Amino acid sequence: MLHYSIPVSLWKFLLNTPDYAIDVRDLNKYFGDKHVVKNLSLQVGRGEIVGFLGPNGSGKTTAIRMMCGLLTPDSGEGHCLGYNIATQSDAIKREVGYMTQKFSYWEDLSIRENLDFVARVYELANRKHVVDEALETLGLTSRSSQLARSLSGGWKQRLALAACMLRHPKLLLLDEPTAGVDPSARRDFWEELHELASKGVSVLISTHYMDEAERCHKLAYIAYGNLLAQGSAKNIIQTQGLSTYEIRGENLMDISKFLERHEAIEQTVIFGTTLHVSGKNPQAIETLLEGQNFAPIPTSLEDVFIYLMKQTQDNFGDESV
Amino acid sequence: MFNAFSFSRWWGIIIKEFLQLKRDRVTFAMMVGIPIIQLALFGFAINTDPKHLPTAVVSYDKSEFTRTLISAMQTSQYYAIDTHYTTPNDAQDALKKGKILFILTIPADFTQKLLRGEKPSLLLEADATDPVTVSTALLSIEGIATQVAKKDLTGALAGFANLQKPFDVRIHRLYNPNGINQYNIIPGLMGTLMTMTLTMMTALAITRERERGTMENLLATPARPLEIMTGKIIPYVFIGLLQATLILCASYFVFNVPFNGSIILAYGVALLFIVVNLTIGITISSLAQNMLQALQLTIFYFLPSIMLSGFMFPFSGMPTWAQHVGELLPLTYFNRLIRGVVLKGNDFAALWPNMWPLMLICLLTMILAVKFYKKTLD
């Protein structure tokens, strides 16, 4: 018996299965003279959940829209599920599930009618069965004739996800899907996401919630159009090299204002009865905090992001002037 | 103290409204532009005393006298002699198609009989589907005839000229013998009503999606522009056919307008007109940024349609440039078509010259709509 040894990379080439679900390089987008996305390069592996984070107006939505063919990049190139984002947007639209930031299903259609519409537009076989199944999974079978308008925020978001998942896309682009959704519904939502990821679905999800960021396999942090950090949560925290201390006591506001003036302190945040102080030089901070009731604590993702955001504000914030 | 009317609150609202008005450039431009454009358009174009109405002459008697008569009609400015149609068949056909409004028939022995004092007759047939258009011209013909008689019948014939009437002009008001204005108004109203309602419905179709935020979702689906646009048109086609049915029934049963043509052809031209208007609406929808703009554009299209299409004012009475503008409007053709079917009983061949322009308009606007339809959110 003969054994042929074919290199893995060749196999992948032959089978046309790219390593990444999303692989974009140097994407740029201008709105008028505003440079909204700057040289964005981003990779999302198969079965990976990547969190897309950044302050409001940082270009997350624009970046996602470019990836699913709703906006044309001014420069740069890339692939989604192996399709070129510039030339094959029709194929991308067919195979990528995109969930808009604002609920964008038809409020004057019932839940079932919305799903029926999606099934028809994507030419799904066995439409009735597919829709029934989705309603069953959603637990909305008994309310399927209710108008989408009458659903609460959390249910609307679940309906949108169900509509997205109707055709079992291999890549989900979710633009702040959990904004305004209560914690338990968000937890359910994330459980579903992880289940999908375990089946090989790749997910790019933008969010402002830190607990959600921590549930992602990888994170990408974007501010003012610049990608500032990319990697696992742990990795991102480590690379910024911040030390954080917790102070307990009275007059935290005054202490905070006093500390912020010092160079060694990068930022201070009040959490109820405690004050978090972060900086790059632990010795300097400890000298400064002499006499206070303080203790070192692990730097959180939120500390790092706020730090990153402040850095960029200093560097890019006055660019528009 | 409770302040019933606060000047500063009031002023705040005024400032806010002015600022918002300033931001909405398109609305502002339309508020100023529409009146100016339409004033210029209608001010010069509309004429309730139509002149230069196309007339065919079928003459079996070419004498000095008949030539004078024809040139007198020409100089009266009411009649414009069209020399293309000289045989009775050609002339009747042209009248049916609406290319001419009058046929003057001069019998073979007209001059002879006139000279013998036998009081011969001329036949003037008029397309009376729109009685307003032809009425002044018809009134003037008697005067022209007497004048010609007085001027031309001199010498030995002067005696005839002094007779009250040396010859007769028999007037046949075709298609609407009693000159009932409703016969013209009701079918005309059909096109006007459908233009307004149908165009508006589809003009809002895409802008509504855009304003509600569902457009992003629709764009993210693999649906093609042509699928989306024609798909949005179809339901309104049925509404349009329902409207046509209601108006045709009202026309026949309530207003007693005679129905001389084929019901199938009536629905055929109605269907064509419905599709044209829906297509124009969807084009407006892909051009407009929001629902308000779409409505303004609809009105911008609607006003010339009622003014210049021959519905409200006689088409033949308009200056040539205005007639050319009118020929760009679907309602102009539909008015001719529906009057042709309902009042004249026209067959397909007679309707065709006014049908293909509608098809052409439909095709061109659809191309325009697809071209302007934004496949992305750019």
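**A friendly note on chains A and B**

1. A good place to begin is the sheet of chain B: five strands form an open sheet in the order 2-1-3-4-5, with mixed pairing. Its edges are strand 2 (79–81) and strand 5 (168–174) of chain B, each of which pairs on one side only. On average, neighbouring strands of this sheet are turned by 30° against each other, direction ignored. Please keep in mind that this is a predicted model.

2. Now look at one edge of that sheet. Strand 1 (residues 53–59) of chain B pairs with strand 2 of chain B in the parallel sense, over three bridges. Within strand 2 of chain B, Ala80(B) is the residue opposite Pro54(B).

3. Two helices of chain B are worth finding next. Helix 3 (residues 64–75) of chain B packs on the sheet and touches strand 1, strand 2 and strand 3 (102–106) of chain B; its direction makes about 125° with that of strand 2 of chain B. Helix 4 (residues 88–97) of chain B lies across strand 1, strand 3 and strand 4 (121–127) of chain B, and runs at about 160° to strand 1 of chain B.

4. How do the chains meet? Contacts join 12 residues of chain B to 16 residues of chain A. On the chain B side, the residues divide into five nonpolar, five polar and two charged.

5. Turning to chain A, the domain assignment gives domain 1 (47–68 + 88–236) and domain 2 (243–298). The centres of these domains of chain A, taken over C-alpha atoms, are separated by 39 Å.

6. Finally, helix 5 (residues 127–138) of chain A has 12 residues, which at 1.5 Å a residue should span 16 Å; the end C-alpha atoms are 16 Å apart, so the two agree. After helix 5 of chain A comes Gly139(A), with a positive phi near 75°.

How values were computed:
Residues numbered from 1 in each chain as written. Chains lettered and ligands numbered in written order. Predicted model: local features only at pLDDT ≥ 70, side-chain atom pairs only at ≥ 80, totals over all residues. Contact = placed C-beta atoms within 7 Å. Nonpolar A, V, L, I, M, F, W, Y, C, P; charged D, E, K, R; others polar. Domains from an automatic or database assignment. Helix = DSSP H or I, 4+ residues; strand = E, 2+ residues; numbered from the N terminus. Expected span 1.5 Å × (residues − 1). Pairing = 2+ DSSP bridges. Axes fitted to C-alpha atoms, helices over the stretch in contact; angles between N-to-C directions.
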